[in-house]
Amino acid sequence: MDEWIVLKNTAFYRLWHDMRTTTTLEDVLDNVPNKTRNKNYLKPLCGLPMSPYFSALKIRWLIDNVPRVKQAIDAQKCAFGTIDTWLIWHLTKGQLHVTDVSNASRTMLMNIDTLKWDPLLCRFFGIPQHILPEIRSSAEIYSSISNPEVLTGIPIAGCVGDQQGALLGQLCLKSGQAKATYGTGCFLLYNTGNTVFDSTQGLITTVAYKIARSPPVYALEGSVAVAGAALSWLRDNMQLISNIMQTQDMAERVRCSGDVYFVPAFSGLYAPYWQQDARGVICGITEDTEQYHIIRAALEAVCFQTRDILEAMVKDSGTNLTTLQVDGGMTVNDLLMQLQADLIGITVVRPNMVETTALGAAILAGIGAGLIDINEVDASQVTKFSPQIGDDERDLRYSKWKMAVERSMKWDCSTTLINN
Ligand SMILES: Nc1ncnc2c1ncn2[C@@H]1O[C@H](COP(=O)(O)OP(=O)(O)O)[C@@H](O)[C@H]1O
Ligand SMILES: O=P(O)(O)OC[C@H](O)CO
């Protein structure tokens, strides 16, 4: 990048979970007119509530806290980008500064209707538009690779956000189709076709993908911050397990979670609550509680959070899902899949190829390079998990989960202190 600043190891140790922008959020909420501090003030423009999750606050934080960033911006030597921007920049030896609509739709700076950087949003966050990459479609030839040499000449033809890629990889191409991706976090996306759907239930509006000059496809998304990350925490911080692959065996040593509920609100709660001050709680511990109950409760937490999102989606869309398509690293866990079917009361359908994000990105690249047609892609083989408990038990357990969520709320007082 020659004399351009490259921020190496800027301690983004939790990446999108990073909470350092919490105080930045408090500051920008002061700028909402009429002192309402309404987190949804910008939602009509960008589809997103104000949250440390999205890029705008992270850029604002860098400008405020890293003097070299401010200096570089003033000297017109700063270029911002999402991860895809960074990769394409390096693959083209700094020739191309671009992103695609699906990634741009998570910055809070792109207008969800025009698909362009929005001057009002940029002004609200105090972010100069000249540092932002050019917004392109998700499938087109952007350039060809010039670095590393071994890949030279290969066209770069697809670019898409993580969970949006999985929607395509699951072939949820029609309005009304949905899937959930379970990794570090969990993301349930519901295809709304070419319509920008404004959720009243705490879901976000995101661009799913846009193929060349075709109109964009949008989705409603329920974003859960902590899914697999709770198991990493049990391994790394609590040392209850030494290997995440053990979780299924260990959770199966007990028949149920023993009435233990674990709300892993490590970085607040995302959808549908968007409650920054929530913190993790484990409720219902007795003398009989063993590590196995807590591990099982961590798996159930993923399932209950998915039910929270599904309930919001049903209210928003007015339709019930009859099955839930799932993917991502956590879905190899059969017990988790069975618990998920039990706790939402519909069949869970897992493809044999669970890395559907990569598949979606590959499909887009194939389309962008003119090698395949979207209608030619076949669905992979699937495994199904059907509910094995009754409605009464399911609803009782869900109501206890809601009680546990209630107990996790308003725990972090720092935001209250800032405001006073
Ligand atoms: N057998 C398993 N049971 C439950 N969770 C698992 C299992 N294997 C991996 N995971 C979880 O899946 C996550 C990794 O999935 P992946 O889709 O690769 O996520 P990411 O894209 O966020 O890195 C990790 O958080 C890990 O805890
Ligand atoms: O793979 P995850 O769970 O870390 O997903 C990260 C998401 O793309 C965040 O938007």
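## Ligand 1: polar contacts

In this predicted model, an oxygen atom of ligand 1 lies 2.5 Å from a polar side-chain atom of threonine 184. Asparagine 333 also takes part through its side chain, with a polar atom 3.0 Å from a nitrogen atom of ligand 1. Glycine 228 takes part through its backbone: an N or O atom there is 3.2 Å from an oxygen atom of ligand 1. On its own, ligand 1 exposes 570 Å² of accessible area, and the protein buries 70% of this.

## Ligand 1: pocket and shell

Ligand 1 occupies the second largest pocket. The shell around ligand 1 has 14 residues, of which the nearest are Thr184, Gly228, Ile244, Gly329 and Asn333. By class, this shell consists of 6 nonpolar and 8 polar residues, with no charged residue.

Among the elements of the fold, helix 9 makes the greatest contribution to the shell around ligand 1, supplying 4 residues. This helix spans residues 228–236. Residue 228 is the glycine whose backbone makes the 3.2 Å contact with an oxygen atom of ligand 1.

## Ligand 2: polar contacts

For ligand 2, a backbone N or O atom of glycine 185 is 2.9 Å from an oxygen atom of the ligand. Threonine 184 places a polar backbone atom 3.1 Å from an oxygen atom of ligand 2. The side chain of tryptophan 16 also contributes, with a polar atom 3.1 Å from an oxygen atom of ligand 2. Ligand 2 taken alone has 310 Å² of accessible area, and the protein covers 75% of that area.

## Ligand 2: shell

The residues around ligand 2 are Trp16, Tyr53, Asp162, Gln163, Gly183, Thr184, Gly185 and Phe187. They divide into 3 nonpolar, 4 polar and 1 charged.

Threonine 184 is listed around ligand 2 and is also among the residues that come nearest to ligand 1. Its side chain supplies the polar atom 2.5 Å from an oxygen atom of ligand 1, while its backbone supplies the polar atom 3.1 Å from an oxygen atom of ligand 2.

## Annotated domain

An unreviewed UniProt entry lists residues 15–169 as "domain: Carbohydrate kinase FGGY N-terminal". In the model, the chain over residues 15–169 is 38% helix and 10% strand. The C-alpha atoms at the two ends of this range are 24 Å apart.

Several residues around ligand 2 have numbers within the annotated range, including Trp16, Tyr53, Asp162 and Gln163.

Notes
Residues are numbered from 1 along each chain as its sequence is written. Chains are lettered from A and ligands numbered from 1 in the order in which they are written. This is a predicted model: local features need pLDDT of at least 70, side-chain atom pairs count only at pLDDT 80 or more; totals for chains, interfaces and linings use all residues. Side-chain values use heavy atoms; hydrogens and water are left out. A residue is near a molecule or strand if one of its heavy atoms lies within 4 Å of it. A polar contact is a pair of N or O atoms within 3.5 Å; within protein, one must be able to donate a hydrogen and the other to accept it, and residues adjacent in sequence count only if both atoms are side-chain atoms. Accessible areas come from the Shrake-Rupley method with a 1.4 Å probe; for residues, only the protein chains shown count as cover. Ala, Val, Leu, Ile, Met, Phe, Trp, Tyr, Cys and Pro count as nonpolar, Asp, Glu, Lys and Arg as charged, and the others, Gly among them, as polar. On a 1 Å grid over the protein atoms alone, a cavity is a set of points where a 1.4 Å probe fits but cannot get out, and a pocket is an open set with protein on both sides within 12 Å along at least five of seven lines; lining residues have an atom within 4 Å of a point. A molecule sits in a cavity or pocket if more than half of its atoms lie within 2 Å of its grid points. UniProt positions are given in the numbering used here, feature names are shortened, and annotations may be inferred rather than shown by experiment.
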